[in-house]
Amino acid sequence: MSILITGAAGFIGSNFVLQWLTHSQEPVVILDKLTYAGNPANLQSVWKDPRFTFVQGDIGDSQLVAQILNDHTPLAVVNFAAESHVDRSITGPAAFIESNVVGTFHLLEAVRAYWGGLEAERAAAFRFLHVSTDEVYGSLGPCDPAFTEETPFQPNSPYSASKASSDHLVRAYHHTYGLPVLTTNCSNNYGPFHFPEKLIPLVLLNALKGKPLPIYGDGSNVRDWLFVRDHCSAIERVLEAGKPGETYNIGGCNEKTNLQVVETLCAILDERSPRPDGRSYREQITFVKDRPGHDRRYAIDASKIERELGWKPAETFESGIRKTVVWYLENQEWVAGVTSGAYREWVEKQYGSQA
Ligand code: NAD
Ligand code: DAU
């Protein structure tokens, strides 16, 4: 019994695969387009594992997806593939519609055809798990209660609107065709293999290079942070025990302002890798122009997944962020590859102009 994982050369998908292969004998088949965010180096440690197969391609390529499904007959599909960066969705929304909306639609169509051809017992056991975000719910005021699974969708950026669209499509495929789907809506992740366009890895790498640490607006926007491996364990739990047609919010109850996050990173770096001049990395903090339409606050109420499936995060923000800083300090080769564009060169050499 194999499992098809899309977008697994990215940040969360690669963590999921590495974690999965530590305890499961089930083979994994990866489908990833290898956009700028897809990095085969994330999967280097399992690349030659006999349980691991990598296919470079687009979730929107129905023929390719159908072929993979028929060749590998997976019992589950976990869909991580998406354009994921809010800032990029503001400057170039088209790719977000293409991958997150149209791509998810084609993926669902191919999966529906495959699932329809399975014999009854396998069809009943099959799952399509769609990985989504808390951003579909919109923005909270300072005293609003956290997002629950019942909170109406109110996406504010092209990214979150494209994710909300895909969530609706997934829901409709269950309601209309009976496809056994599961959707997870998670808060902000951080941890190993996070691409340095996002706040935490960007600040870490800029700090070490002596560059400014850019904070949008006044730094008081709030995000609810979850260590990536906790997100992966939650997805595994939902896959194992979630009820088809249901959605599950995932979060760690770790609300922080952006300024608090950046100051925490500076404090850990001051201790673990002090600046040569002995001054604090805090001196590099720079307030810059705000993100257009910047959502004020996200907060996840994860009581449903805890109550129904018994999942809880293993890391606090304090333990997870420390592990993250140490990982970046100890994985300079990965950092150098990402920042030099060496991994893109590898991708082009390996896959030519398709990538
Ligand atoms: P990422 O940008 O690091 O990785 C995305 C991966 O998807 C890349 O490997 C990319 O090559 C691949 N991809 C993109 N378009 C594709 C396509 N059309 N076909 C096949 N592969 C494609 O993203 P991430 O941060 O790992 O996020 C993974 C998923 O989790 C996304 O769906 C995102 O919306 C969701 N999510 C992310 C967070 C977060 O904090 N990063 C939180 C909640 C949910
Ligand atoms: O909430 C889940 C979402 O979290 C995911 O769905 C997205 O895929 C993921 O990218 C993330 O979105 P954010 O926009 O919250 O993440 P980002 O790291 O881009 O920004 C975090 C906060 O930090 C946000 O309030 C904007 C701010 N920021 C970001 C950058 C890149 C800065 O202040 N300065 C920066 O340079």
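These are my notebook entries on two ligand sites, one helix, the nonpolar cores and a few single residues in a predicted model.

**Entry 1: ligand 1**

I began with the residues around ligand 1. There are 28 of them, and Ile12, Asp32, Ser84, Tyr159 and Lys163 come nearest. Next I looked up polar contacts to the oxygen atoms of the ligand. A side-chain N or O atom of Tyr159 sits 2.6 Å from an oxygen of ligand 1. The backbone takes part too: an N or O atom of the Ile12 main chain is 2.8 Å from a ligand oxygen, and a polar backbone atom of Phe80 is 3.1 Å from an oxygen of ligand 1.

How much of ligand 1 does the protein bury? On its own the ligand exposes 830 Å², and 96% of that is buried by the protein. I then asked which elements supply the shell. Those giving two or more residues are α1, β5 (127-133), α6 (158-177) and β7, and the largest share, 3 residues, comes from β5. By class I noted 12 nonpolar, 12 polar and 4 charged residues in this shell.

**Entry 2: ligand 2**

On to ligand 2, with 22 residues around it; Asp134, Tyr159, Asn188, Arg291 and His294 come nearest. Tyr159 caught my eye here, as it is also listed among the nearest residues of ligand 1.

I found three side chains with polar atoms close to ligand oxygens, and wrote them down one by one:

- Asn188 has a side-chain N or O atom 2.7 Å from an oxygen of ligand 2.
- Arg291 places a side-chain N or O atom 2.6 Å from an oxygen of ligand 2.
- His294 has a side-chain N or O atom 2.6 Å from an oxygen of ligand 2.

Ligand 2 has 690 Å² of accessible area on its own, of which the protein covers 93%. The elements giving two or more residues to its shell are α3 (86-91), α7 and β8. Of the elements, β8 gives the most, with 3 residues. I noted the classes as 8 nonpolar, 7 polar and 7 charged.

**Entry 3: helix α7**

Since α7 gives two or more residues to the shell around ligand 2, I looked at this helix next. It runs over residues 199-208 and is mostly covered, with 7 of its 10 residues buried. Which residues of α7 are buried? They are Ile200, Pro201, Val203, Leu204, Leu205, Asn206 and Ala207. I also asked what these buried residues pack against: β7 (188-190), β8 (213-216), β9 (222-227), α9 (258-272), α11 (317-330) and α12 (332-340). Just after the helix, Gly210 takes a positive phi of about 75 degrees.

**Entry 4: nonpolar cores**

The largest nonpolar core holds 70 residues, and Ile3, Ile5, Val17, Val28, Phe52 and Ile305 have the most contacts inside it. Helix α1 (residues 11-23) gives this core its largest share, 7 residues. I followed Val17 further: beyond its neighbours within four places in sequence, Val17 is in contact with Ile5, Ala8, Val28, Ile30, Leu43, Val46 and Phe52. Apart from this core lies another, of 25 residues, including Ile68, Leu69, Leu118 and Val181.

**Entry 5: two buried helix residues**

Asn15 lies in α1. Buried or exposed, I wondered about Asn15? Its relative accessibility is 4%, so Asn15 counts as buried. Leaving out neighbours within four places in sequence, Asn15 is in contact with Pro192, Phe193, Val228, Arg229 and Cys232.

Ile235 is in helix α8 (residues 228-241). I have Ile235 down as buried because its relative accessible area is 0%. Again setting aside neighbours within four places in sequence, Ile235 is in contact with Phe16, Val78, Phe80, Leu129, Val131, Thr184 and Ile250. I checked one of these pairs further: Ile235 and Val131 are 104 residues apart in sequence, and their C-alpha atoms are 8.2 Å apart.

**Entry 6: positive phi outside glycine**

Last, I looked up two residues other than glycine with positive phi. Thr73 has phi near 40 degrees and lies in the loop between α2 (62-72) and β4 (74-79). With 39% relative accessibility, Thr73 counts as partly exposed. Cys253 has phi near 60 degrees, and its place is the loop between β10 (247-250) and β11 (255-257). Why did I mark Cys253 as exposed? Because its relative accessibility is 66%, and the cut-off for exposed is over 50%.

Methods
Residues are numbered from 1 along each chain as its sequence is written. Chains are lettered from A and ligands numbered from 1 in the order in which they are written. This is a predicted model: local features need pLDDT of at least 70, side-chain atom pairs count only at pLDDT 80 or more; totals for chains, interfaces and linings use all residues. Side-chain values use heavy atoms; hydrogens and water are left out. Buried means under 20% relative accessible area, exposed over 50%, partly exposed in between (1.4 Å probe, protein chains only). Helices (H or I, at least four residues) and strands (E, at least two) are DSSP runs, numbered from the N terminus. Contact means heavy atoms within 4.5 Å. A nonpolar core is a set of buried Ala, Val, Leu, Ile, Met, Phe, Trp, Tyr and Cys residues joined through side-chain atoms within 4.5 Å. A residue is near a molecule or strand if one of its heavy atoms lies within 4 Å of it. A polar contact is a pair of N or O atoms within 3.5 Å; within protein, one must be able to donate a hydrogen and the other to accept it, and residues adjacent in sequence count only if both atoms are side-chain atoms. Accessible areas come from the Shrake-Rupley method with a 1.4 Å probe; for residues, only the protein chains shown count as cover. Ala, Val, Leu, Ile, Met, Phe, Trp, Tyr, Cys and Pro count as nonpolar, Asp, Glu, Lys and Arg as charged, and the others, Gly among them, as polar.
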